[in-house]
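User: I am new to this structure and would like a close look at a single part of it. Please take the sheet and explain how its strands are arranged.

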Amino acid sequence: MNPPCGRCNKAVYPTEKINCLDKYWHKGCFSCEICKMALSMTNYRGFDKKPYCSMHYPKTSFTIVTDTPENLRLKQQSQLNSQALYKEEFEKNKGKGFSVVADTPEMQRVKKMQDQISNALYKEDFEKNKGKGFSLVVDTPEMQRLKKTQDQISNIKYHEEFEKSKIRSDAPPPENRQEDEQQPSALVSLPAGPLHSATAAPPSGGKQYKALYSYTASEADEVSLQEGDLIADIEPIDEGWMFGRNLRTGQRGMLPANYVRPV
């Protein structure tokens, strides 16, 4: 006769029989008591002759002891014994240096009182040393809030300064740009002199550019400029830079495109 299933109480045939926890189960009935997840002989956990998965396996808990008069008396007796042992140990170790002190209620009260005194002394010392230089500040919630506010202000100022510097680096000064607009675009008269007469025509015969502003090279592949320098052999690189040769110095390299204009 086929035995009944531990879950559905129906007959379990040998082809689908699982023998576990002193019972017989259908393969489909051998599942967790809580989530009904299908289990096998390798991943089940038994409790009270019932299968559970690892997630829903019943956890053992501490037993709550009733606070009876007898238990209260034993608790009080234990505290008295602990205090007596503490005092005896304290007397033995007095003057012998550092010793580990039991965390009794009396010691907790003393520790709390010492903390309050330390906080009072710290505040008093902080007020005395205010404005006298560096002082170690306790990382209290108030100090954390002030620090966070200061960090936010610093970030805002940094972004403002960054945007201002980006504007200054991307375009020439406004007053120079106005002078540039007032000059005729077709022809720029050059002052007479030996420098310009010697470099009036570029060796390659190409188009010349004139430096509107002075520029100091910051990299080895750049060319320094002075206001009025003539640039030849121009090769555009991108919207902001071009490649050319300074006829005054003979140097060849990159230069900012918004610092020169065609002659």
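Analyst: In this predicted model, five strands form an open sheet in the order β8-β7-β6-β5-β9. The pairing in this sheet is antiparallel. As a general point, the strands of a sheet pair through backbone hydrogen bonds, and the pairing can be either parallel or antiparallel.

The two ends of the sheet are taken by β8, residues 252–256, and β9, residues 260–262. Each of these edge strands pairs on one side only. From one strand to the next, the twist averages 45 degrees.

At the β8 end, the neighbour is β7, which covers residues 241–246. Strands β7 and β8 run antiparallel to each other and are joined over 5 bridges. One position facing β8 can be picked out by name: phenylalanine 243 stands opposite methionine 254, a residue of β8.

To place the sheet in the chain, it helps to read along the sequence. The protein chain has 5 helices and 9 strands, and their pattern is β-β-β-β-α-α-α-α-α-β-β-β-β-β. The strands of the sheet, β5 to β9, are thus the run of β elements that closes this pattern.

Some totals describe the chain around the sheet. The protein chain has 263 residues, and 18% of them count as buried. Its accessible surface comes to about 20,500 Å², with 55% belonging to carbon and sulfur atoms. Of the contacts between residues at least 6 apart in sequence, 31% join residues at least 24 apart.

Key. Residues numbered from 1 in each chain as written. Predicted model: local features only at pLDDT ≥ 70, side-chain atom pairs only at ≥ 80, totals over all residues. Heavy atoms only, no water. Helix = DSSP H or I, 4+ residues; strand = E, 2+ residues; numbered from the N terminus. Buried < 20%, exposed > 50% of the residue type's maximum accessible area, 1.4 Å probe, protein only. Contact = heavy atoms within 4.5 Å. Areas by Shrake-Rupley, 256 points an atom, 1.4 Å probe, with all protein chains shown as cover. Pairing = 2+ DSSP bridges. Axes fitted to C-alpha atoms, helices over the stretch in contact; angles between N-to-C directions.
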